[in-house]
Amino acid sequence: MRVLASEIDGLELPAVEKISNSQERDPFQVLIATLLSARTQDATTLAASTRLFKVARTPKTMAKLTVKQIEKLIYPVSFYLHKARHVKATCRMLVDRFGGRVPTRMEELLMLPGVGRKTANLVLILAFKSLKNICVDTHVHRISNRLGWVKTRTPDETEQALYATTAARWWPYINLYLVTWGQNVCRPVYPRCGACAIRPYCPQMGVTRVSK
Ligand code: SF4
């Protein structure tokens, strides 16, 4: 993690991280951007979030948009029809049940439509500065297994295993470091092992082909 901390300096940051930094860690914008980011290229997430936030920046104003309007604003993020419905329903619940604010507890975040542990953990880490959560997405799951930190089949299993196998001081940074590394070096197919700064520490578990 110490090597990664210096290596990611200067690399392109993940989209939600950029939005969080530029919006002073606004919990609502972190939540919505994370909802949009699932299985979507970072540039697409960033552009879609920017369009949406230009029209509505609060749960109250966004809840007033129709699903059709949200669809048009967030297209072409993947599953935009689904995501538009979730965004609308989440905003409605934030207004009706949580006084127009993003809740700060995991159990409450998980009540929001479309919000799973990945999104909830990222909101807690980025917006509420939690030091007790690890956000596991597909990059974190893949790289933790390649590094041999865990041996798991799903991101949820990986999250629980990482609490046991990593030092707590790194938990809030695991997502940022591994997502950035996953987008730039330890890619899903043909990872760039020859150019990887953490190669001396990596048993390359499950890696069969690497980039030339
Ligand atoms: S050595 Fe290869 S598999 Fe291991 S972290 Fe680096 S790029 Fe990923």
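Which residues does Ser-211 touch, not counting residues up to four places away in sequence? Keep that in mind while you load the model, which is predicted.

**Whole chain**

Start with the full protein as a cartoon. You will find 12 helices and 0 strands. From the N terminus on, every element in the run is α. Switch to the C-alpha trace and align the view to the principal axes: the trace spans about 55 × 35 × 30 Å. The radius of gyration is 18 Å. A compact globule with 212 residues would come out near 17 Å, so the protein agrees with that expectation.

Now colour by burial. Of the 212 residues, 47% count as buried. Then turn to the contacts between residues at least 6 apart in sequence: 57% of them join residues at least 24 apart.

**Helix H10**

Select residues 138–146, helix H10. Is this helix mostly covered or mostly open? It is mostly covered, with 8 of its 9 residues buried. Show side chains for His-139, Val-140, His-141 and Arg-142, which are among the buried ones. Add Ile-143, Ser-144, Asn-145 and Arg-146, also buried.

Next, look for what lies over them. Select 155–165, helix H11, and 171–184, helix H12. Both are included in what covers the buried residues of H10.

**The ligand**

Keep Arg-146 displayed, since this buried residue of H10 is also one of those surrounding the ligand. Select the rest of the shell: Cys-186, Pro-191, Cys-193, Cys-196, Ile-198, Arg-199, Cys-202 and Val-207. Which classes make up this shell? Colour by class and count 7 nonpolar, no polar and 2 charged residues. The charged residues are Arg-146 and Arg-199. Four of the names in the shell are cysteines: Cys-186, Cys-193, Cys-196 and Cys-202.

Now hide the ligand and compute cavities on the protein atoms. The space taken by the ligand is the largest cavity.

**Ser-211**

Finish in the segment after H12, where Ser-211 is found. Is Ser-211 buried, exposed or partly exposed? With a relative accessible area of 25%, Ser-211 is partly exposed, because buried would require under 20% and exposed over 50%.

Here is the reply to the opening question. Ser-211 touches Arg-187, Tyr-190, Pro-191 and Arg-192. Put a distance label on one of these pairs: the C-alpha atoms of Ser-211 and Arg-192 are separated by 5.0 Å. Along the chain, Ser-211 and Arg-192 are 19 residues apart. Pro-191 links two stops of the tour: Pro-191 touches Ser-211 and belongs to the residues surrounding the ligand.

Terms used. Residues are numbered from 1 along each chain as its sequence is written. This is a predicted model: local features need pLDDT of at least 70, side-chain atom pairs count only at pLDDT 80 or more; totals for chains, interfaces and linings use all residues. Side-chain values use heavy atoms; hydrogens and water are left out. A residue is near a molecule or strand if one of its heavy atoms lies within 4 Å of it. On a 1 Å grid over the protein atoms alone, a cavity is a set of points where a 1.4 Å probe fits but cannot get out, and a pocket is an open set with protein on both sides within 12 Å along at least five of seven lines; lining residues have an atom within 4 Å of a point. A molecule sits in a cavity or pocket if more than half of its atoms lie within 2 Å of its grid points. Helices (H or I, at least four residues) and strands (E, at least two) are DSSP runs, numbered from the N terminus. The radius of gyration is taken over C-alpha atoms; the globule rule is 2.2 Å times the number of residues to the power 0.38. Buried means under 20% relative accessible area, exposed over 50%, partly exposed in between (1.4 Å probe, protein chains only). Contact means heavy atoms within 4.5 Å.
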